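User: I'm new to reading protein models, and I'd like to know how the labels are earned. Could you take me through some of them?

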Amino acid sequence: MRDIREVLRLKHEAGLSERQIARSMRLAPSTVHRYLERAERAGVGWPLPAGLDDAGLEAVLFPPLPPSRVPRTPPDYGWVHRELRRKSVTLQLLHLEYKQACPDGFQYSQFCERYRQWAGRVDLVMRHQHRAGDKLFVDYAGHTIPIHPPGAPAWQAELFVAVLGASNYTFAEATASQQLPCWIGSHVRCFEAMGSVPALLVPDNLRSGVRRSHRYEPLLNRTYAEMAAHYGTAILPARAGKPRDKAKAEVGVQIAERWLLASLRNERFTSLAEANTAIAAKLAWLDNRPFAKLDGTRRLVFEQLDRPAMRPLPTTRYEFATWTRPKVNIDYHVDVERHYYSTPYQLVGHRVDTRVTEHTVEIFFQGRRVASHRRSHVKGRHSTEPGHMPERHRAHLAWSPQRLIAWAQRTGPATAELVEAIMTNRPHPEQGYRSCLGIMRLSRRYPQPRVEAACRRALAIGARSYRSVESILAHNLEATPLPSDEPDNDPPRQHTGLRGPTYYR
């Protein structure tokens, strides 16, 4: 308003032209012309009437626009909010559809501004733009569920919670622990309960899911990654110390604790199945409960929004498997839970990947499966495939039974005899290599005479194993006399009650 007063003064009092006024006040000539035109149209000259302040001058020069005669139809902002979660849907597309239905509606700028004002009145968590079927947030609740089995001590069950980003559809179940088998099993049952699979899984950095957290390249648990690949989804762990990355899971856990655990606080469960039955009933009520500030329910929005955008379940269920990375021993076997499985003998000394399921043990080298065995739970035994053996039962390179016996002869004849007996008692000589190598390593810890004496004692008592020799040396038993070497110094005992041959004459 000060500029307008000065423009009027320079025009009417100083008699300057519009261009001179513009140069003097550093305004655009068009701005000066517009000010003078508005003053002329409003009948305002110079000097201004007494008592006309800036507000009055603004009201005279810039009167408000007359209201529209036809009221405009506002859009359904709840519908706009839901549709924005669909893939590739934008505000511009929704405005076009709105104008097709309501030609007298708001223009694009007002449409966007009014939607943002409406969204600002919704809870902060609802402002996140989650695409339909995109992310499933998973976590464990902080509170546990007490289980009181009859005749046994009580224990605490964990609560697994999964929440879809777009619809807030929630899945929850009680599990025995947060260990890998329970973690994977909860995901599988969650997918089956939803009947579909999301595009992304967003877990926390718990050990069962993420072996090593990292801002850019977190190291995932291999079983967890394999399960995700089986179902055609991907894993995007939340950043460590960034709870907003999984805000849906945090709120979902809070809701589960309030509406599931708190409502069941007075119940006494005797088994995990009983607890899950009660949780399922409460969960069905929660997913069918109407939203507080939006239309519909979690289940309704899930059926309309998330499920059509999610991937279908695969034809087969994921079979839980654990992965290890052992080294192939010189007997071309790998140790899996103290049972030994054969591999091609060319892999001796190499690291291989073993995939262990309930019924099978698969061995991979450089991503290619090289062996498969039926799983055995008998410890200390061997599962050997004849095709994995080298010709004439020779080990890789120069290892052979003859070489081990020749080495043992340098220690002593008893050591050589024990080594030969160990390999003779096995179905295949290579299966005794481990015990022979263990005895070889004992000669590095103990003097050779002690090892020779321990082997002699092991042969005498029939203990043909590495552990027996190690125990004899650890307890200094090799110096004690053998049962056959103990002298019999006691004279024959004379009994007065014995009847001689003369008694029967």
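User: What share of the residues in the protein is buried, and what makes a residue buried?

Analyst: Buried residues make up 42% of the 505 residues in the protein. The label needs a relative accessible area under 20%, while over 50% is exposed and anything in between is partly exposed (1.4 Å probe, protein chains only). Keep in mind that this is a predicted model, where local features need pLDDT of at least 70, side-chain atom pairs count only at pLDDT 80 or more, and totals for chains, interfaces and linings use all residues. Residues are numbered from 1 along each chain as its sequence is written, and side-chain values use heavy atoms, leaving out hydrogens and water.

User: How many helices and strands are there, and how are they defined?

Analyst: There are 17 helices and 17 strands. Both are DSSP runs numbered from the N terminus: helices are H or I with at least four residues, strands are E with at least two.

User: Why is β1 said to pair with β3 and β6?

Analyst: Two strands pair if DSSP finds at least two bridges between them. Strand β1 (residues 135–140) has 3 bridges to β6 (residues 200–202), running parallel, and 5 bridges to β3 (residues 155–164), in the antiparallel sense. Both counts satisfy the rule, so both are pairings. K135 stands opposite L200 in β6, and L136 faces L164 in β3. Strand β1 is also mostly covered, with 5 of its 6 residues buried.

User: Why is the pair Y115 and W118 called stacked?

Analyst: Rings of Phe, Tyr and Trp (its six-membered ring) pair if their centres lie within 6.5 Å; planes under 30 degrees apart count as stacked, over 60 as edge-to-face and the rest as tilted. By this rule the count comes to 12 aromatic pairs. Y115 and W118 are 6.2 Å centre to centre with 25 degrees between the planes, so they are a pair, and a stacked one. They are 3 residues apart in helix α7 (residues 108–120), which means about one helical turn separates them. Y115 has a relative accessible area of 5% and W118 has 16%, so both count as buried.

User: What makes F160 and W183 edge-to-face?

Analyst: Their centres are 5.9 Å apart and their planes differ by 80 degrees, so they pass the distance limit and the angle rule for edge-to-face. F160 is in strand β3 and W183 in helix α8 (residues 180–194), 23 residues apart. Both F160 and W183 are buried, and they belong to a cluster of ring pairs with Y140, F171 and Y224.

User: How do you know that D353 and R222 form a salt bridge?

Analyst: A salt bridge is a side-chain nitrogen of Lys or Arg within 4 Å of a carboxyl oxygen of Asp or Glu. For D353 and R222 the closest N and O atoms are 3.4 Å apart, so the pair qualifies. D353 lies in strand β14 (residues 353–356) and R222 in helix α9 (residues 222–230), so the bridge ties together parts 131 residues apart in sequence. D353, at 11% relative accessibility, counts as buried, whereas R222, at 40%, counts as partly exposed. D353 also forms a salt bridge with R325, with the closest N and O atoms 2.9 Å apart.

User: Which ring does the charged end of R222 sit over?

Analyst: The ring of W323, 3.8 Å from its centre. This label requires NZ of Lys or CZ of Arg within 6 Å of the ring centre and within 35 degrees of the ring normal.
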